[in-house]
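Visitor: I am new to reading protein structures. Could you walk me through one, feature by feature?
Guide: Gladly! Let us put it up on the screen.

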Amino acid sequence: MGYTNSPLVSYTKLSPNNSGTRTHSIDRITPHCIVGQMSVESAGAWFAKASTQASANYVIGADARVALIVPESQRSWCSSSRDNDQQAVTIECASDKTHPYAFKAEVYMRLIELMTDICRRNGKTKILWFADKAKSLAYKPAADEMLITVHRWFANKACPGDWLYSRLGDVAMKVNAALGAASSVKPENMPEVRQTSTSAKQVLAIGSEESRARFLLDLVHDTDKSGILPSVTTAQMILESGYCSTGLAQAANNCFGMKANLSGNSWESVWDGKSTYTKRTAEQTASGKVYYVTAAFRKYPDVEHSIMDHSCYLLGAKNGSRQRYEGLTAAKGYREAITIIKAGGYATDVRYVDKICSIIERYHLDRYDSQPEVKEPEKTVTYIVQAGAFNSVQKAAERLVKVRKIVPDAYLKYEGGMQKIRAGVFSERANAERVVEQLQEAGIEAIIK
Ligand SMILES: [Zn+2]
């Protein structure tokens with residue numbers, strides 16, 4: 001196959017640091033962080049020096065212009081791996097000088113555009129990101145597949161930096177969307193979007209907050225069959241969209257503040273992958289300090305799509321190889337569900353769990369929740385097995401996941417300001433002791449109360 005170069009190139013400064021014609025066809029792309037908000041001219045001058053002993057096929061400068069440094073037909077010296085650079089098109093991107101080596105938004109979007117173009121010109125219809133070195137290096141891409149690899153797998157380096165590394169799932173999703181591959185993939189568990197189409201403007205026109213809350217609960221109940229409790233989704237929607245009144249809801253039918261770029265995730269989504277709405281928004285640090293960011297948010301044709309995209313996110317988002325909101329659909333009651341959501345990193349507001357619960361309680365939004373809040377039988381209960389009590393919802397949820405491997409119906413009980421893990425209630429002490437023993441064997445501390 002004949003090699004070509006990208007039409008996105010607007011500056012060329014060829015580097016002597018290359019091994020001549022590739023010995024392997026292109027089936028990888030390796031994006032790097034250049035560690036500096038550099039222009040294509042200064043990066044080009046640096047790689048033009050033989051003493052630099054390094055290069056890349058392309059550089060994306062801080063202003064998002066693209067430079068050609070080593071033609072795609074040749075092997076660049078970029079990733080500390082001869083094998084990788086024989087197979088890969090390498091791209092150095094302007095980034096911050098320090099961890100996590102963040103990119104400017106324009107540079108990130110240009111990288112996606114350049115990677116899409118490289119796939120197209122090299123006959124690839126799909127790009128793959130496994131976030132796993134062993135799996136990636138053992139993988140033999142099909143003729144129409146491109147694989148993403150990273151420098152840190154080949155040398156003791158942070159490259160491409162945690163900022164980009166955590167977004168490579170998003171990069172793959174966007175490149176695939178542009179290549180037209182993503183739309184043909186639909187997982188079995190992906191819920192259908194309901195046939196109705198309701199705008200946030202119509203919801204706002206309903207009138208009082210209470211009538212809007214009731215309407216939204218019915219809409220969520222009818223729309224979303226994902227298994228997430230309707231009370232939780234409805235209350236999140238009410239809190240995050242101000243009962244569908246916020247600018248973001250009104251202009252984009254985005255009722256959950258879903259950003260266009262969500263780090264590290266490539267779940268299957270009902271969002272079209274391209275419609276966005278940009279606005280300034282308040283965020284909160286873990287300590288409660290408010291700050292502002294300008295961000296691109298997802299735009300939907302109707303509220304139903306917003307509800308479904310949010311559920312797809314909660315069920316599909318990953319943190320490394322783990323489900324970010326593990327155990328969500330098995331939650332016994334809304335407080336446990338929202339605790340799992342908060343612990344997975346969904347919200348920055350430190351009072352998020354309490355805010356959601358108070359909305360649910362104010363409007364009795366748990367009407368459709370099929371699994372009622374766990375009620376402990378009175379009087380007959382004598383022995384409660386408790387496997388930890390935490391102030392931190394994050395820690396409580398992590399512990400709950402471990403405990404459930406031993407006691408599948410363990411649950412969270414919010415009591416005295418703490419999240420307590422209940423691993424069973426028994427009328428006979430011997431039964432409680434048996435569970436405590438099993439937990440201790442698994443290295444989990446437990447007591448009988
Ligand atoms: Zn690198």
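Visitor: Which domains does the domain assignment give for the protein chain?
Guide: Before we look, keep in mind that this is a predicted model. The assignment gives domain 1 as residues 9-184, domain 2 as 200-368 and domain 3 as 383-448.

Visitor: How far apart do the C-alpha centres of domain 2 and domain 3 lie?
Guide: They lie 29 Å apart. The contact between these domains takes 10 residues from domain 2 and 11 residues from domain 3. On the domain 2 side, helix 12 (residues 334-343) gives the largest share, with six residues. That side of domain 2 divides into five charged, three nonpolar and two polar residues. As a general idea for your notes, the size of an interface is often given as the accessible area lost when the parts come together.

Visitor: Now the sheet, please. What is the order of the strands in the open sheet of seven strands?
Guide: The order is 1-5-4-7-3-9-8, and the pairing is mixed.

Visitor: Why is one side of strand 1 and of strand 8 left without a neighbour in the sheet?
Guide: Strand 1 (9-12) and strand 8 (126-128) stand at the edges, and each has a single partner strand, so one side of each has no neighbour in the sheet. Neighbouring strands of this sheet are turned by 30 degrees against each other on average, direction ignored.

Visitor: How many bridges join strand 1 to strand 5?
Guide: Three bridges join them, and the two strands run parallel. Strand 5 covers residues 66-68. To find one pairing on screen, go to Tyr-11, whose bridge partner in strand 5 is Ala-67.

Visitor: Which strands does helix 6 lie across?
Guide: Helix 6 (residues 168-179) lies across strand 8 and strand 9 (145-148). Its direction is at about 170 degrees to strand 8.

Visitor: And how should I read a pair of helices?
Guide: Two packed helices are described by the angle between their axes and the distance between the axes. Take helix 8 (residues 209-223) and helix 9 (residues 230-241): their axes come within 9 Å and cross at roughly 130 degrees. Helix 8 and helix 9 are therefore oblique to each other, and their crossing is right-handed.

Visitor: Which residues make the contact of helix 8 and helix 9?
Guide: Helix 8 brings Ala-213, Leu-216, Leu-217, Val-220 and His-221, while helix 9 brings Pro-230, Thr-233, Thr-234, Met-237 and Ile-238. The residues of this contact divide into seven nonpolar and three polar, with no charged ones.

Note on methods: Residues numbered from 1 in each chain as written. Predicted model: local features only at pLDDT ≥ 70, side-chain atom pairs only at ≥ 80, totals over all residues. Pairing = 2+ DSSP bridges. Helix = DSSP H or I, 4+ residues; strand = E, 2+ residues; numbered from the N terminus. Axes fitted to C-alpha atoms, helices over the stretch in contact; angles between N-to-C directions. Contact = placed C-beta atoms within 7 Å. Domains from an automatic or database assignment. Nonpolar A, V, L, I, M, F, W, Y, C, P; charged D, E, K, R; others polar. Parallel < 35°, antiparallel > 145°, perpendicular 65-115°, else oblique. Left-handed = near helix turned anticlockwise from the far one by under 90°.
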